[in-house]
Amino acid sequence: MIYTVTLNPALDYVMHADSINGGINRSDYEELFFGGKGINVSCVLTRLGIANKALGFAAGFTGKQLEKMVRDDGIDCDFVYLDNGCTRINVKIRSGSETDFNASGAPIKDGDLDALMGKLDGLKEGDYLVLAGSAPVGSTEKIYEKILSRFDSRGVKYVIDASGDLLRGTLKFKPFLIKPNHHELGELFGTEIKCDDDAVKYAKELQKLGAENVLVSQAENGAVLVDENENVYKSANAKGTLVNSVGCGDSMVAGFLAGYIQSESCKLALRLATACANATAFSPSLATAEEINKLLIQE
């Protein structure tokens, strides 16, 4: 069973306009999506027919709307509701280019984290725990470490999609998979990832620090995977028109997990991961199974 955790989910309010200026602007049309990296992973897994449960924090009337939208999409979820604040609304403006305003979100207290971990107490050997996204207000950069330390002796496979110290702190728990993008990988080592060789070099450095499999997404340059046996696999993007960059990395994580569970092959898992990421990039929202399968057939 796969459990995803999104500590700081969101509603993504997308506004489309032909042009914008410094005065009053009016959008041509608007869209509302559920958001949050772990929830996105759960969504794509669900569309691929892989059993999972989405967990995390929600708050206020926006939290209720988030849960309704998640359930309406067929995703199994079980959120902890916070006493104060509201689940954040991120505003995304599409007008030739992409401009995003991401809100801070509702604050959490120590008891809230205890409640969340209580929902995870059934984790057992062979289960997957996906921790994805930013830390909420009121927490520290060690919040992922607190969660992992509770389950570290159970044989659970950890999947981490985060950046900076939030990611770095999890490496001592030997996560099964981490998925930095090339910018995040460079920031960890104070450098710039300019090519596949750079990605491989620093992915191996992360393995020295504890990670088993390191999947580096590189936007238009595809992805590079260094697996636990030091095999290096590279994957190019499919041909298509970029429509949306939101959720591509989350789709990649979902695809890798689905592919690995089905085949126990990192090479085949990367193939499905890339198809999922590309299908989302070519779609106005998270990819459907049909869109993903079309790309797999075209290879």
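**View 1. Glu 264 sits exposed in the loop between H8 and H9.** At 66% relative accessibility, Glu 264 counts as exposed (over 50% relative accessible area; buried is under 20%, and partly exposed is in between, with a 1.4 Å probe and protein chains only). This is a predicted model, in which local features need pLDDT of at least 70 and side-chain atom pairs count only at pLDDT 80 or more, while totals for chains, interfaces and linings use all residues. Residues are numbered from 1 along each chain as its sequence is written, and side-chain values use heavy atoms, with hydrogens and water left out. Helices (H or I, at least four residues) and strands (E, at least two) are DSSP runs, numbered from the N terminus. Now look at the backbone: phi of Glu 264 is near 55°, a positive value in a residue other than glycine. Most residues other than glycine have a negative phi.

**View 2. Lys 174 is another residue with a positive phi that is not a glycine.** Its phi is about 55°. Lys 174 belongs to the loop between helix H5 (164-168) and strand E10 (177-178). With a relative accessible area of 55%, Lys 174 is exposed. Bring Lys 208 into the frame as well: this residue is part of helix H7 (residues 196-208), and it is exposed too, at a relative accessible area of 65%. From C-alpha to C-alpha, Lys 208 and Lys 174 are 9.9 Å apart in space, with their positions 34 residues apart in sequence.

**View 3. H1 and H8 pack against each other at an angle of about 45°.** Two packed helices are described by the angle between their axes and the distance between the axes. Here the axes of H1 and helix H8 (residues 248-263) are 8 Å apart. The axes are lines fitted to C-alpha atoms, for helices over the stretch in contact, and angles run from 0 to 180 degrees between N-to-C directions. The angle makes H1 oblique to H8; under 35 degrees would count as roughly parallel, over 145 as roughly antiparallel, 65 to 115 as roughly perpendicular, and the rest is oblique. The crossing of H1 past H8 is right-handed, meaning that the near helix is turned clockwise from the far one by less than a right angle (anticlockwise would be left-handed). H1 brings Lys 37, Asn 40, Val 41, Val 44 and Leu 45 to the contact, and H8 brings Asp 250, Ser 251, Val 253, Ala 254, Leu 257 and Ala 258; contact means heavy atoms within 4.5 Å. Sorted by class, that is seven nonpolar, two polar and two charged residues. Ala, Val, Leu, Ile, Met, Phe, Trp, Tyr, Cys and Pro count as nonpolar, Asp, Glu, Lys and Arg as charged, and the others, Gly among them, as polar.

**View 4. Helix H10 (residues 289-298) has buried residues on one face.** Ile 292, Leu 295 and Leu 296 are the buried ones. Seen down the axis of H10, they fall within an arc of 100°, so they line one face of the helix; the arc is that of the directions from the helix axis to the C-beta atoms. Their packing partners are helix H1 (37-47) and helix H9 (266-281). Flip to the other side of H10 and you find Glu 290, Ile 297 and Gln 298 exposed.

**View 5. Thr 274 is a buried residue of helix H9.** Its relative accessibility is 3%. Leaving aside neighbours within four places in sequence, Thr 274 touches Ser 235, Ala 236, Asn 237 and Met 252.

**View 6. H3 crosses H4 in a right-handed way.** Helix H3 (residues 110-119) and helix H4 (residues 143-151) pack at about 40°, with their axes 11 Å apart. This makes H3 oblique to H4. Leu 113, Met 117 and Gly 118 of H3 meet Ile 143, Lys 146, Ile 147, Arg 150 and Phe 151 of H4. The contact of H3 with H4 has five nonpolar, one polar and two charged residues.

**View 7. Phe 151 of helix H4 is buried, with a relative accessible area of 0%.** Beyond its neighbours within four places in sequence, Phe 151 is in contact with Met 117, Leu 120, Asp 121, Leu 123, Leu 129, Val 156 and Tyr 158. The other buried residues of H4 are Ile 143, Tyr 144, Glu 145, Ile 147 and Leu 148. The cover over the buried residues of H4 includes H3, strand E8 (128-132), strand E9 (157-161) and H5.
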